[in-house]
Amino acid sequence: MKRSRINDIIAESDEMMRKYGFALPPFAYWTLDEFKSRKDIAKNVIDARCGWDITDYGDGDFDKMGLFLFTLRNGRLADLQRGGGMCYAEKLLISKKDQLSPMHTHVIKAEDIINRGGATLIVELYGSDAQGDFDETEGGSVLRDGIQRNFTAGEKLRLAPGESVTLMPGDWHAFWGDGGDVLIGEVSTVNDDETDNIFRDPIGRFSSIDEDVDPSHLLVSDYQTWLA
């Protein structure tokens, strides 16, 4: 993705989040120089990979297959493993109209996917086989707005604003906006986007970036390069 396009997506996404009443923390708006000068006091933000995250999954067509994310807070895997402490994470996402976030599951993370505003969110569901791999014939069970319900393989849940689904490890899912863009809330256990996204098809989680302009704000995938 071109950095200029990423900068535009950040500005557009910030506008949509504000439209629905969500204000981001101050570090979201730090410039590159501000982040560099504050990287010591921002160690938790950097280590937890909080911040802006934009991906086209390596496909090269963000509007067709892609996702905007902002990680607001993220806990510690060590706390999750010992069963106490900061075991949670929270994100805001934007799924654009007909923009696919491709079929995937998680090994560790359980998550609530919440329609926070906009159009209808479509969530396509499949279950796993005995090894936890994608199974095109297998259904399962999820919580829909806190109510247990079974789903059949390939079923497409329609989530209106305010509605949610709870997904456990092994629940394979893809999603997109239907009829317009959707602001999504994600509340989950500790999030590890580097190792805990298991895709059905061989695709990448993070985009390669063509640095045609300077970044307006750093992505979480920029921290290692720009703040080293």
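This short talk covers the pockets, the cavity and one buried aspartate in a predicted model.

I'll begin with the open spaces. The largest pocket holds about 220 Å³ of space. Its lining is made up of 16 residues, and those nearest the centre are A48, R49, N74, N191 and D192. Sorted by class, the lining of this largest pocket has seven charged residues, five nonpolar and four polar.

Next is the second largest pocket, with a volume of about 160 Å³. Where does the largest share of its lining come from? Helix α1, residues 3-19, supplies that share, with six residues. The lining of the second largest pocket includes R5, I9, E12, S13, E15 and M16. F62, F68, I94, K96 and D181 are also in that lining. By class, the lining of this pocket has five nonpolar residues, five charged and one polar.

Now the enclosed space. How many cavities of 30 Å³ or more does the structure hold? There is one. About 150 Å³ of space lies in this largest cavity. Several strands contribute to its walls: β2 (67-74), β3 (88-95), β4 (101-105), β5 (111-128) and β11 (172-189) each give two or more residues to the lining. Of the elements, β11 gives the most, with three residues. In total, 18 residues line the largest cavity, and L67, L69, H104, E186 and N197 lie nearest its centre. The classes in the cavity lining are seven nonpolar, six charged and five polar.

The last item is a single residue, D53. This aspartate lies in strand β1, residues 51-55. Is D53 buried or exposed? D53 counts as buried because its relative accessibility is 2%, and the cut-off for buried is under 20%. What does the side chain of D53 make a polar contact with? Its partner is the side chain of R205, at 2.5 Å.

Leaving out residues up to four places away in sequence, D53 touches L67, F68, L69, D193, R205, F206, L219 and V220. Some of these names have come up already. L67 and L69 are among the residues nearest the centre of the largest cavity, and F68 is in the lining of the second largest pocket. So that you can find them on the screen, start at D53 in strand β1, then look for its contacts L67, F68 and L69.

To recap the volumes: about 220 Å³ for the largest pocket, about 160 Å³ for the second largest, and about 150 Å³ for the largest cavity. That is the end of my part.

Technical notes
Residues are numbered from 1 along each chain as its sequence is written. This is a predicted model: local features need pLDDT of at least 70, side-chain atom pairs count only at pLDDT 80 or more; totals for chains, interfaces and linings use all residues. Side-chain values use heavy atoms; hydrogens and water are left out. On a 1 Å grid over the protein atoms alone, a cavity is a set of points where a 1.4 Å probe fits but cannot get out, and a pocket is an open set with protein on both sides within 12 Å along at least five of seven lines; lining residues have an atom within 4 Å of a point. Grid points are joined across faces, edges and corners, and a volume is the space filled by probe spheres set on the points. Ala, Val, Leu, Ile, Met, Phe, Trp, Tyr, Cys and Pro count as nonpolar, Asp, Glu, Lys and Arg as charged, and the others, Gly among them, as polar. Helices (H or I, at least four residues) and strands (E, at least two) are DSSP runs, numbered from the N terminus. Buried means under 20% relative accessible area, exposed over 50%, partly exposed in between (1.4 Å probe, protein chains only). A polar contact is a pair of N or O atoms within 3.5 Å; within protein, one must be able to donate a hydrogen and the other to accept it, and residues adjacent in sequence count only if both atoms are side-chain atoms. Contact means heavy atoms within 4.5 Å.
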